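Welcome, and please open the model in your viewer before reading on. We will go from stop to stop, with something to select each time.

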Amino acid sequence: MSAPRCPQCAQPCASPRLLPCLHSLCEPCLRRLGPPEGPPGAARPVLCPVCDAELSLPAGGVAQLPPACLAGSRGRAAAGCDLCADGAAAGRCLTCGLRLCRFCCRAHRRQKKTASHAVTELENSKDCSQAGKPLLCPSHPTEELQLFCEQCDQPVCRDCLLGRHRQHPCDLTSNVIHRHGDALRELLRSSQQHMDTLEDVLSQVDEMGSAVRSRAEAVATEICLFARGYVKAIEEHRDRLLKQLEDLKVQKENLLHLQKAQLQQLLLDMRTGVEFTEHLLMSGSDVEILISKGVVSSRLTKLNSTAYSTHPSVDDRIQFSPHERAGQCCGYEVFGAILNQVDPARCTLHGEDLHSARQNQLSGFTLLCRDTAGERMGRGGEAVRVTITHKDKRDCEVKPTVCDNGDGTYCISYSPEEPGLYAVCVCVKGQHVQGSPFTLMVKHKFREHQGVFHCCTFCSSGGQKAARCACGGTMPGGYQGCGHGHKGHPGCHHWSCCGQVKESSECLCGPPSDTSQRSLLRTVAL
């Protein structure tokens, strides 16, 4: 089998390197990727010529990318016999390191000179990969990579342990391959599950595209049937409606096509990662797996964390109303329109009683419904729900009345029985409108004085706060009386406990001074 070729230049791979997207390119092609300018030591953004993924080359350049071990192993897996060059390699001599076909294996064991050599059979592609030349350390080209540095997360040789990996925890690659291989297998299983989900979502997107087209065709049929009653005017109106419907269908299909393209690209990236990882785990040697483990884990982790919607981005709701007024067409009043959908987030609330009201008084506000374009809805019939609940009393709830005006506005009226702070929720089609929920403060109602102006009771009591008026009220504030600072006289009817003034009454001791009058007003409780 010929050596693998670079997907960029189609030439045999020369020092292939593994990109973060798990595609392999030869080193000369990698050096030609991306803009050469940039600050020294900075990562260079490039685009993979295979999948167009945006990548960043390491600060150290192309040499810092891990070697694409499997690119060479694919050629070695089908290598021929090193002795006769006629048959495919079926075994390997562990003593002299030669690849042997089946005939040469038998001859190798029979010859006196090589009878003591240990010959092992290559049972699978992974054995074939390990049967090739050992991978040598890039820092010490004569040493084989047989150890793995846990701290640096990379294979090393024995000489590396004497240098910059001296104090690092290291172990044989055969001892750590099981743990790191299991981690890759777990990521692989997660990626496979995402692939199944992506395929299901793509199927749903295709089905939804068909549903949108079918629904659009059905609505077009309705429009055509309705338009037959008017000759030229209705035909023009029909063409206008069909154009509007086509725009809506194109808009929905464009959104579905965009979602489909994004999901397909994610699935392609997933499939590339899964196929590469499967091939790595099946055909790569222990050292090859450990060399590629970092970039493979990073790629699969990034793909697995990519967010995507598990449902189509649009629905097939397209509604035509033949009874909707559509204005004038060629001098004729025409009917029939594609209904705009109300947008609860654009609906607004208006009114003076929106945030404050009085106890036992009828109050209200107005709801103005708008469509997705922010235009006022010209019709009623929306599902409007309003709740008014007392924040401190759980069982206290006001039952509002919603009146549909038929022009896109709704009048909400209510009469609270208890004062306090209320929470108001206004929902259209189960969703809160703009500004909902909000708070409503209900104040005490105005209380008219029902008794006799007997503030002389307060004065005659010597300024006691517990003294009660004939109406049952009290006059807090201390020793004030009618404003003269004395215990009062029997005819002091000027001030009431309710803070009201009886103009026709006057204290027997004369009118109070302005200062005393203002002081008394401040002490009277409503």
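In which loop is the place of aspartate 153? Select the stretch between strand E8 (147–149) and strand E9 (154–156), and you will have aspartate 153 in its loop. Keep in mind as you look that this is a predicted model.

**Stop 1: two residues with positive phi**

Stay with aspartate 153 for a moment. Its phi is positive, about 55°, although the residue is not a glycine. With a relative accessible area of 34%, aspartate 153 is partly exposed.

Now select asparagine 360, in the loop between strand E14 (356–358) and strand E15 (363–368). Here too phi is positive in a residue other than glycine, with a value near 60°. Is asparagine 360 buried or partly exposed? Its relative accessibility is 42%, so asparagine 360 counts as partly exposed.

**Stop 2: the whole chain**

Zoom out and colour by secondary structure. The protein chain has 10 helices and 22 strands. Of its 526 residues, 39% are buried. If you take the contacts between residues at least 6 apart in sequence, 58% of them join residues at least 24 apart.

**Stop 3: helices H6 and H7**

Select helix H6 (173–227) and helix H7 (232–283). The two pack at an angle of about 170°, and their axes are 9 Å apart. That angle is over 145 degrees, which makes H6 roughly antiparallel to H7. Their crossing is left-handed. Sorted by class, the residues in the contact of H6 with H7 are 28 nonpolar, nine polar and 11 charged.

While H7 is on screen, pick out threonine 272, which lies in this helix. Is threonine 272 buried or exposed? Its relative accessible area is 19%, and the cut-off for buried is under 20%, so threonine 272 is buried. Leaving aside neighbours within four places in sequence, threonine 272 is in contact with Cys21, Leu22 and His23. Show those three as sticks to see who meets this residue of H7.

**Stop 4: bring in helix H8**

Add helix H8 (286–304) to the selection. How do H7 and H8 pack? Their angle is about 155°, with the axes 10 Å apart, and H7 and H8 are therefore roughly antiparallel to each other. H7 passes H8 in a left-handed crossing. To view the contact, show side chains on both helices: on the H7 side you will find residues including Leu266, Met270, Phe276 and Leu280, and on the H8 side residues including Ile289, Val296, Arg299 and Leu303. By class, 10 nonpolar, five polar and three charged residues take part in the contact of H7 with H8.

Next, hide H7 and look at H6 with H8. Their axes come within 10 Å and cross at roughly 30°, so H6 and H8 are roughly parallel to each other. H6 passes H8 in a left-handed crossing. Among the residues that make this contact are Ile177, Leu184 and His194 of H6, with Leu290, Lys293 and Leu300 of H8. The residues of the contact of H6 with H8 divide into 10 nonpolar, nine polar and two charged.

**Stop 5: the nonpolar cores**

Bring H7 back and select Leu198, Leu263 and Val296. These residues have the most contacts inside the largest nonpolar core, which has 31 residues. Helices H6, H7 and H8 are the elements that give two or more residues to this core, and the largest share, 11 residues, comes from H6.

Centre on leucine 263. Which residues is leucine 263 in contact with, leaving aside its neighbours within four places in sequence? They are Leu198, Val201, Leu202, Val205, Tyr308 and Ser309. A second, separate core has 25 residues, and Leu367, Val426, Val428 and Leu440 are included in it.

**Stop 6: two prolines**

Select proline 419, in the loop between strand E19 (409–414) and strand E20 (420–428). Draw a C-alpha to C-alpha distance to lysine 445: the two residues are 26 apart in sequence and 8.5 Å apart in space. Beyond its neighbours within four places in sequence, proline 419 is in contact with Gln359, His390, Val442, Lys443 and His444.

The last selection is proline 437, in the loop between strand E21 (431–432) and strand E22 (438–443). What kind of peptide bond joins serine 436 and proline 437? The bond is cis, with omega at about -5°.

Definitions and conventions. Residues are numbered from 1 along each chain as its sequence is written. This is a predicted model: local features need pLDDT of at least 70, side-chain atom pairs count only at pLDDT 80 or more; totals for chains, interfaces and linings use all residues. Side-chain values use heavy atoms; hydrogens and water are left out. A nonpolar core is a set of buried Ala, Val, Leu, Ile, Met, Phe, Trp, Tyr and Cys residues joined through side-chain atoms within 4.5 Å. Buried means under 20% relative accessible area, exposed over 50%, partly exposed in between (1.4 Å probe, protein chains only). Helices (H or I, at least four residues) and strands (E, at least two) are DSSP runs, numbered from the N terminus. Contact means heavy atoms within 4.5 Å. Axes are lines fitted to C-alpha atoms, for helices over the stretch in contact, and angles run from 0 to 180 degrees between N-to-C directions. Angles under 35 degrees count as roughly parallel, over 145 as roughly antiparallel, 65 to 115 as roughly perpendicular and the rest as oblique. A crossing is left-handed if the near helix is turned anticlockwise from the far one by less than a right angle, and right-handed if clockwise. Ala, Val, Leu, Ile, Met, Phe, Trp, Tyr, Cys and Pro count as nonpolar, Asp, Glu, Lys and Arg as charged, and the others, Gly among them, as polar.
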